[in-house]
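Here is a short round of questions on one protein model. Look at the structure, then read on.

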Amino acid sequence: MKKTVLTFGLISGAVLSAMMLIALAFHDAIGFERGMVVGYTTMVLSFLLIFFGVRSYRDNVAGGTVRFGRALAVGVLIGAVASLCYVATWEVIYFKFQSDYLVKYEAYALDKARAKGETEEAIALKKRSWEKFQVMYQNPAINAAFTFLEPLPVALIIALVSAGVLSRRKKSEGQDRIVSGARVSG
């Protein structure tokens, strides 16, 4: 299981990290809203490797059958490895190259609030909240925790679906099954 998880997790993580680097290179042209769409689409595509990893585990390691729980565990672990790659890439980008990312996002969020017609008091409250968050986000552990939470739900959903689709139980020899009301030995 370890080899399958690491192989597919690292490939998925490499795709996630590469796409993050590409998207950030064009971030000013893409913008924040479309950047989120691009980011989550990339996550879904990258996490499709969870399906292939679970299938590989089932076919090559587990002898063609795998129970739902084991398939889910393999999928979640692949997603966790890929998410850790995503976190590591963001930590380097944020602390070495884009430490002003939250300042830019704050300006975007406050401009959006103004465009919606929010009061200046509400905007001032949001600004104070953003400033507190920026201080907290400078802690690498908190930064990593928040970043890990971005791809995790996507990975969990794909792991659940993959486990449901790919799980199979072994049929014992001589097990009887009923077909159209008649017993058939199978």
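The questions below go through helices, buried residues and a surface patch.

This is a predicted model, in which local features need pLDDT of at least 70, side-chain atom pairs count only at pLDDT 80 or more, and totals for chains, interfaces and linings use all residues. Residues are numbered from 1 along each chain as its sequence is written, and side-chain values use heavy atoms, with hydrogens and water left out.

Q: How far apart are the end C-alpha atoms of helix H3 (residues 32-61)?
A: Helices are DSSP runs of H or I with at least four residues, while strands are E runs of at least two, numbered from the N terminus. The expected span is 1.5 Å times one less than the number of residues. For the 30 residues of H3 that gives 44 Å, and the model agrees, with its end C-alpha atoms apart by 42 Å.

Q: Which helices do the buried residues of H3 pack against?
A: Buried means under 20% relative accessible area, exposed over 50%, and partly exposed in between (1.4 Å probe, protein chains only). The buried residues of H3 include Phe32, Met43, Leu49 and Tyr57. With contact meaning heavy atoms within 4.5 Å, they pack against H1 (2-25), H2 (27-30), H4 (68-97), H5 (101-115) and H8 (152-166).

Q: Is Phe8 buried or exposed?
A: Phe8 is found in helix H1. It touches Leu49, Phe52, Gly53, Ser56 and Ile78, not counting residues up to four places away in sequence. At 17% relative accessibility, Phe8 counts as buried.

Q: Within what arc do the buried residues of H8 fall, seen down its axis?
A: In H8, Val154, Ala155, Ile158, Ala159, Ser162, Ala163 and Leu166 are buried. The arc is that of the directions from the helix axis to the C-beta atoms. These buried residues line one face of the helix, because they fall within an arc of 160°.

Q: Which residues are exposed on the other side of H8?
A: The buried residues of H8 pack against H3 and H4. On the other side, the exposed residues are Ile157 and Val161.

Q: What accessible area does the nonpolar patch with Ile22 have together?
A: Ile22 lies in helix H1 and is partly exposed, with a relative accessible area of 44%. Patches take residues with over 30% relative accessible area and no salt bridge (a side-chain nitrogen of Lys or Arg within 4 Å of a carboxyl oxygen of Asp or Glu), joining like charges within 9 Å and nonpolar side chains (Val, Leu, Ile, Met, Phe, Trp, Tyr) within 5 Å. Areas come from the Shrake-Rupley method with a 1.4 Å probe, and for residues only the protein chains shown count as cover. Ile11, Val15, Met19, Ile22 and Phe26 form this surface patch, with a joint accessible area of about 420 Å².
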